[in-house]
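Please look through the following protein with attention to its side-chain contacts and its nonpolar interior.

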Amino acid sequence: MPKIKDKLNKKTLVLITIAILIILTIIFVVLSYDNQNVIIDDSPNITLPDSGNMDKPDENENVEKITVDLVEYDYYEFDDVEFGFIISKFRFKSDEPINMKLDTFVTSEDIVLSDVETFVTKLEEKSYYLGKQNVFFEVISQEGSTFVNVFIPVIDKASSEISLKINSKDFTYDLSKSSDNKDLFIYESDDIITDGKTYQMAVSNAFEITGEQFERVYDDGFSEEYVFSSTARLYAFKLDVVSLWGDEVEIESAVYIVDGTNDGFEALGENIKPQKYDNIIGSKIYDKTTGTIIIPTYSNNEDALSFKGKLKLKLSNSDNYIEIQVDL
């Protein structure tokens with residue numbers, strides 16, 4: 001009997017030890033997450049809003065009442081960009097709708113996140129777009145809770161970590177591991193395209209509309225049939241465009257550039273209109289609109305052409321083009 005008791009005592013001791021280790025591990029994990037205010041990511045998949053011209057909430061008078069929690073982050077370093085950057089996802093919670101500027105977000109390198117246009121421009125000059133990762137430059141939500149991806153530039157690539165102060169909270173970022181995946185910042189068809197403030201849009205793959213009827217509309221309202229040459233092949237891109245808060249959005253012009261060349265096919269201007277589709281060039285958008293961009297190409301080959309390249313969109317309120325990788 002004593003031997004059986006000894007065996008039972010030893011077994012009980014082992015089970016107790018294992019239980020204690022499990023409890024300590026759970027406590028350590030919880031404390032580690034709590035230290036960084038990290039939460040589970042239950043944010044929704046990104047899709048275009050059902051409607052535009054939404055009511056923008058009033059700016060919050062006391063941002064200290066807004067709870068900020070870190071969800072996740074990734075650090076990026078590219079060989080052709082002089083600085084690194086973090087895409088950091090936060091959850092914001094409040095008892096009221098949220099309209100919060102990023103002027104209280106300050107890094108340990110003294111970068112205020114409401115003043116990062118220089119960094120954004122340098123990325124876009126290389127055709128890297130933060131909108132690909134759904135980055136926003138202000139926090140606006142009609143609800144009391146929202147998830148937002150925030151852009152954090154890192155000036156010193158040699159740094160092992162930086163911190164970010166938001167109101168009275170500090171968040172620390174480990175920079176020891178970085179990604180150089182540039183594809184994560186290059187727009188493709190059906191991506192959600194955004195400036196992170198006023199609009200979102202999506203561009204479809206091209207489809208051929210050669211043979212459709214067109215008309216030219218003059219300033220005085222007179223219209224007449226517009227006929228293309230027999231060598232023309234016409235392609236269209238469908239665009240869904242949303243003005244989030246009623247700001248004017250206008251696609252001023254567009255061009256398709258073939259990879260490896262300087263050859264470009266200009267989109268039809270606003271005065272050339274297909275009968276079956278809405279030409280979105282020149283339209284002033286204040287809500288949600290669907291339209292097309294028409295690209296004419298020319299060839300003596302009767303077979304359909306095939307190009308790899310990029311569609312470049314010029315918005316009226318910007319000096320730069322937005323590039324979308326898409327085949328034609």
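The side chain of Ser127 makes a polar contact with the side chain of Glu323 at 2.7 Å, where a polar contact is a pair of N or O atoms within 3.5 Å, one able to donate a hydrogen and the other to accept it, with residues adjacent in sequence counting only if both atoms are side-chain atoms. Ser127 sits in the loop between H2 and S5, and, residues up to four places away in sequence aside, Ser127 touches Phe185, Ile186 and Glu323, contact meaning heavy atoms within 4.5 Å.

This is a predicted model, in which local features need pLDDT of at least 70 and side-chain atom pairs count only at pLDDT 80 or more, while totals for chains, interfaces and linings use all residues. Residues are numbered from 1 along each chain as its sequence is written, and side-chain values use heavy atoms, with hydrogens and water left out.

The protein has two helices and 22 strands, taken as DSSP runs numbered from the N terminus (helices H or I, at least four residues; strands E, at least two). Of its 328 residues, 43% are buried, that is, under 20% relative accessible area with a 1.4 Å probe and protein chains only.

The largest nonpolar core (buried Ala, Val, Leu, Ile, Met, Phe, Trp, Tyr and Cys residues joined through side-chain atoms within 4.5 Å) has 49 residues, of which Phe85, Phe90, Phe92, Leu130, Phe151 and Tyr173 touch the most other members. Among the elements that each supply at least two residues of this core are strand S2 (84-93), helix H2 (117-125) and strand S6 (145-154). Another core, of 30 residues, lies apart from it and includes Met201, Phe237, Tyr256 and Ile285.

Note on methods: Buried means under 20% relative accessible area, exposed over 50%, partly exposed in between (1.4 Å probe, protein chains only).
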